[in-house]
Amino acid sequence: MTHNTPVSPRPLRHLSEVHRRVLTAAQLRSHGVSAAELSDQCRTGGPWQLLLPQVVLLHPGPPTSEERLHGALLYASRESAPGVPAQPTAGEPHRPVYAEAMITGLAALTLYGFSSTPPLLSLDRVDVLVPRLRRLRSSGYVRVLRTSGLPTPRAVTGLPVAPVPRALADAVAELTDADAVRRLLTEAVRGGHCEPAAVVRELTQAKLLTRPHVVDAVDSLLAEGRSIAEDRLYRMVTEHGLPDPVWNVDLRLPGGPHLGGLDAYWPDQAVAVELDTRAPRQDEDALWSEYARKREHLERLGITVVYITPRKLRESTEQQAAVVRTALMASGDRDPAAYVVVLPR
């Protein structure tokens, strides 16, 4: 038998090219390859090679990045029975089922198209996320990461990949270079991959916000996220024909206390917009209480406050513009607001 010999009796035509090149030992046995034949094919200088424990590369020479990823998932996927990988669902014979395993960390971010991560072939390690109770060890180029709650993967190039915030947290956990961490988090937000709050939530759950270089990067991330949101708010006003507000102002009662800062304010209609850029940290409840007190105080003075999250600005700009327009139009039906002093922030 050579590496060009079909592993019959079951043909492999139903598999994609990469899935014909990387198979588990159990899959090869199901195609009629005996243990002795497998050992002979994988001998030193032979046509096949053992890529990972129980995962075989059906050609000599180094694996491609696609083969490495596929092999990592085959190694880490839950078996439907001892030694037998999970099978495809009916109607999907061309795509294997990678049960309870997904690519995460730097490899996942590269698959998402991050420019600040290394090419796949230059990565010494591929991180794979599995449930905490799985009995599986890291081996070869595969590092096994465990979680008590496996997230829903996204399909990227046909592979199950952890959501960007989770992949970021797994990557950051292994990085000690502050600049590298900052580049990753900034690209995640600037590239529109996810919102800052989602990143901070994952970093918090991973207990990474005790590391000074991560905290510094998160502060930069939140500033970056606010800057992007402010730009989107400005474009929403101009592109949807809303009247010009005064931007970034503080309100005060005449001779009285400070009422709070606002991102946009229409004095004639007493309508305000504030970006809700809170990040989920330990003081989230206290911060939300501060938001609520501020809103309640302003509305007692007759000022309508519209809170908009960065995600809504990105995903439903037209709808948010309609909310603001409705508030502006409804101002004529309300009692006049109290007089307030508007100061630049």
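Begin the tour by selecting Lys207, which lies in the loop between α8 and α9. The model on the screen is a predicted one, and that is worth keeping in mind at each stop. Although Lys207 is not a glycine, its phi is positive, at about 60°. With a relative accessibility of 64%, Lys207 counts as exposed, because that value is over the 50% cut-off.

**The two helices on either side of the loop**

Next, select residues 196-205, which form helix α8, together with residues 212-239, which form helix α9; their axes come within 10 Å and cross at roughly 165°. The crossing angle is over 145 degrees, and α8 and α9 are therefore roughly antiparallel to each other. If you look at the handedness of this crossing of α8 and α9, it is left-handed. To see the contact itself, show the side chains of Pro196, Val199, Val200 and Leu203 in α8, and then those of Val214, Val218, Leu221, Leu222 and Gly225 in α9, which they meet. Sorted by class, the contact of α8 with α9 has 8 nonpolar residues and 1 polar residue, with no charged residues.

**From α9 across to α7**

Keep α9 selected and add helix α7, residues 178-190. Here α7 and α9 pack at an angle of about 25°, with their axes 9 Å apart. Because this angle is under 35 degrees, α7 is roughly parallel to α9. The crossing of α7 and α9 is right-handed, whereas the crossing of α8 and α9 is left-handed.

On the α7 side of this contact, select Ala178, Val181, Arg182, Leu185, Thr186, Val189 and Arg190. On the α9 side, select the residues that they meet, namely His213, Asp216, Ala217, Val218, Ser220, Leu221, Glu224, Gly225 and Ile228. By class, the contact of α7 with α9 has 8 nonpolar, 4 polar and 4 charged residues. Val218, Leu221 and Gly225 of α9 are worth colouring separately, since they appear in the contact with α7 and are also listed in the contact with α8.

**From α7 back to α6**

Leave α7 on display and select helix α6, residues 164-172; the axes of α6 and α7 come within 11 Å and cross at roughly 175°. That angle makes α6 roughly antiparallel to α7. In this pair, Leu168, Ala171 and Val172 in α6 meet Val181, Leu184, Leu185 and Ala188 in α7. The residues of the contact of α6 with α7 divide into 7 nonpolar, no polar and no charged. Val181 and Leu185 of α7 take part in this contact with α6, and they are also found in the contact with α9.

How many of the residues of α6 are buried? If you colour the helix by accessibility, 9 of its 9 residues are buried, so that α6 is mostly covered. The buried residues of α6 include Arg166 and Asp170, together with Val164, Pro165, Ala167, Leu168, Ala169, Ala171 and Val172.

**A single residue in α9**

Return to helix α9 and select Arg232, which is found there. Is Arg232 buried or exposed? At 16% relative accessibility, Arg232 counts as buried, because the value is under the 20% cut-off. Not counting residues up to four places away in sequence, Arg232 touches Glu195, Pro310, Leu313 and Arg314. Now add Thr317 to the selection and draw the C-alpha to C-alpha distance: Arg232 and Thr317 are 8.4 Å apart in space, although they are 85 residues apart in sequence.

**Stops elsewhere in the chain**

Select Thr110, which is found in helix α5, residues 105-111. At 18% relative accessibility, Thr110 counts as buried. Leaving aside its neighbours within four places in sequence, Thr110 is in contact with Thr117, Pro118, Pro119 and Leu120.

Move on to Asn248, which lies in strand β11, residues 246-252. Asn248 has a positive phi of about 50° although it is not a glycine, and it is partly exposed, with a relative accessible area of 31%.

Finish with the cysteines Cys42 and Cys194. Cys42 counts as partly exposed, at 25% relative accessibility, while Cys194 is buried, with a relative accessible area of 7%. A search of the whole structure finds 0 disulfides.

Key:
Residues are numbered from 1 along each chain as its sequence is written. This is a predicted model: local features need pLDDT of at least 70, side-chain atom pairs count only at pLDDT 80 or more; totals for chains, interfaces and linings use all residues. Side-chain values use heavy atoms; hydrogens and water are left out. Axes are lines fitted to C-alpha atoms, for helices over the stretch in contact, and angles run from 0 to 180 degrees between N-to-C directions. Helices (H or I, at least four residues) and strands (E, at least two) are DSSP runs, numbered from the N terminus. Angles under 35 degrees count as roughly parallel, over 145 as roughly antiparallel, 65 to 115 as roughly perpendicular and the rest as oblique. A crossing is left-handed if the near helix is turned anticlockwise from the far one by less than a right angle, and right-handed if clockwise. Contact means heavy atoms within 4.5 Å. Ala, Val, Leu, Ile, Met, Phe, Trp, Tyr, Cys and Pro count as nonpolar, Asp, Glu, Lys and Arg as charged, and the others, Gly among them, as polar. A disulfide is a pair of cysteine sulfur atoms within 2.5 Å. Buried means under 20% relative accessible area, exposed over 50%, partly exposed in between (1.4 Å probe, protein chains only).
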